[in-house]
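Let's take a friendly walk through a protein structure. Keep the picture open while you read, and look up each residue as it comes along.

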Amino acid sequence: MSELLVDFITSLDGHASGEGWPGFWGLEGPEYLAWLGEQPEATYLMGANTYRLMSGFAAGEVPNGQDEFRPEEEASVDGLTQASKVVFSSSLKEPLTWANSTLVRDDAVEAVRAMKSSGSGLLSTIGSLSLSRSLLRAGLVDRFRVVMFPVITGATGEERIYDGYPDVALEMIEHRTFDGRIQLVEYKPRVLEHPPLGVPA
């Protein structure tokens with residue numbers, strides 16, 4: 001059975017990106033980049049918006065506010081290009097132009113449920129806020145990981161991650177600090193039907 005990881009990179013105030021900011025908010029360091037390079041092979045799950053954005057980067061489109069990609073950003077996009085990707089969309093058309101991408105038009109929750117039960121290895125979301133929210137709400141997420149960068153994007157932040165989420169209890173299974181400033185927290189999530197009736201002793 002496959003394991004499903006929801007994986008976010010955020011500002012401290014929970015934005016997935018910020019207008020005018022480079023990738024990783026320009027704050028990645030050698031420890032963090034080395035850790036990224038050590039991550040196990042995964043099949044990446046995404047929606048149409050993330051596919052359009054990331055495939056554009058792979059085709060050489062530079063984010064707004066930048067003249068060119070930094071080496072760290074190029075390496076990240078190149079790694080994604082080589083990886084297997086499943087794209088859930090009713091609006092995209094085949095064939096998908098980004099290498100190693102498969103289009104699925106079926107209901108994403110049911111498709112991922114089937115992928116988990118019949119497959120092996122790691123499934124991981126990338127971006128795709130609404131897809132991640134739907135998979136979490138359906139109880140399919142085994143691990144919920146957030147890497148927080150030391151910046152508050154109150155004026156320029158975009159893509160607020162947690163809007164529309166259910167209440168979720170989080171059991172911490174890992175935490176780590178990279179380069180003295182980047183904080184990783186990883187949890188086992190459990191969707192709550194209602195707030196806890198009491199505080200654990």
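In which helix is Glu74 found? Glu74 sits in helix H3, which covers residues 71-82. Before we go further, please keep in mind that this is a predicted model.

**A charged patch on the surface**

Glu74 has company: together with Asp67, Glu68 and Asp78, Glu74 makes up a patch of negative charge on the surface. How open to the surroundings is Glu74 itself? Its relative accessibility is 42%, so Glu74 counts as partly exposed. That label is for residues between the two cut-offs, because buried means under 20% relative accessible area and exposed means over 50%. You will need these two numbers again below.

**Helix H4 and its two sides**

Now move along to helix H4, residues 108-118. Which residues of helix H4 are buried? They are Ala108, Val109, Ala111, Val112 and Lys116. These five residues lie on the same side of H4, because they cover an arc of only 165° around the axis. Turn to the other side of H4, and you meet Ser117 and Ser118, which are exposed.

The same helix also holds a salt bridge, formed by Arg113 and Glu110, whose closest N and O atoms are 3.4 Å apart. Why does the spacing of these two matter? Arg113 and Glu110 are three residues apart in helix H4, so about one helical turn separates them. As a general rule, an α-helix has 3.6 residues a turn, so residues three or four places apart point the same way. Arg113 has a relative accessibility of 35%, so this residue is partly exposed. Glu110 is partly exposed as well, because its relative accessibility is 44%.

**Salt bridges between strands**

How many salt bridges does the structure hold? There are seven. One of them joins the side chains of Arg143 and Glu186, with 2.6 Å from N to O. Arg143 belongs to strand S7 (residues 143-149) and Glu186 to strand S10 (residues 182-191), so this pair ties together parts that are 43 residues apart in sequence.

Glu186 also meets the side chain of Arg145 in a salt bridge, here with 3.7 Å from N to O. Again the pair links distant parts of the chain, with Arg145 in strand S7 and Glu186 in strand S10, 41 residues apart.

Are these charged residues buried or exposed? Arg143 counts as buried because its relative accessibility is 16%. Arg145, at 7%, is buried too, and so is Glu186, at 2%. These residues are part of a network of salt bridges that links Glu3, Asp7, Arg143, Arg145 and Glu186.

Here are the three salt bridges described so far, side by side.

| Salt bridge | N to O distance |
|---|---|
| Arg113 and Glu110 | 3.4 Å |
| Arg143 and Glu186 | 2.6 Å |
| Arg145 and Glu186 | 3.7 Å |

**Special spots in the backbone**

Next, let's look at some loops. Where does Pro95 lie? Pro95 is in the loop between strand S4 (84-88) and strand S5 (101-104). The peptide bond that leads from Glu94 to Pro95 is cis, with omega near -5°.

The loop between S4 and S5 is also the place of Asn100. Asn100 is not a glycine, yet its phi is positive, at about 65°. With a relative accessible area of 42%, Asn100 is partly exposed.

Phe24 has a positive phi too, near 60°, and is likewise a residue other than glycine. You can find Phe24 in the loop between strand S2 (15-18) and helix H1 (30-37). Its relative accessible area is 10%, so Phe24 is buried.

**Two leucines in loops**

Finally, compare two leucines. Leu92 is placed in the loop between S4 and S5, and at 10% relative accessibility Leu92 counts as buried. Its C-alpha atom is separated by 30 Å from that of Pro71, 21 residues apart along the chain.

Leu12 lies in the loop between strand S1 (3-11) and S2. Is Leu12 buried or exposed? Leu12 is exposed, because its relative accessible area is 55%. The C-alpha atoms of Leu12 and Ala108 are separated by 29 Å, and the two residues are 96 residues apart along the chain.

Methods
Residues numbered from 1 in each chain as written. Predicted model: local features only at pLDDT ≥ 70, side-chain atom pairs only at ≥ 80, totals over all residues. Heavy atoms only, no water. Patch = residues over 30% accessible without salt bridge, like charges linked within 9 Å, V, L, I, M, F, W, Y side chains within 5 Å. Areas by Shrake-Rupley, 256 points an atom, 1.4 Å probe, with all protein chains shown as cover. Salt bridge = Lys/Arg side-chain N within 4 Å of Asp/Glu carboxyl O. Lys, Arg positive; Asp, Glu negative; His and termini not counted. Charge placed at Lys NZ, Arg CZ, Asp CG, Glu CD. Helix = DSSP H or I, 4+ residues; strand = E, 2+ residues; numbered from the N terminus. Buried < 20%, exposed > 50% of the residue type's maximum accessible area, 1.4 Å probe, protein only. Arc of directions from axis to C-beta.
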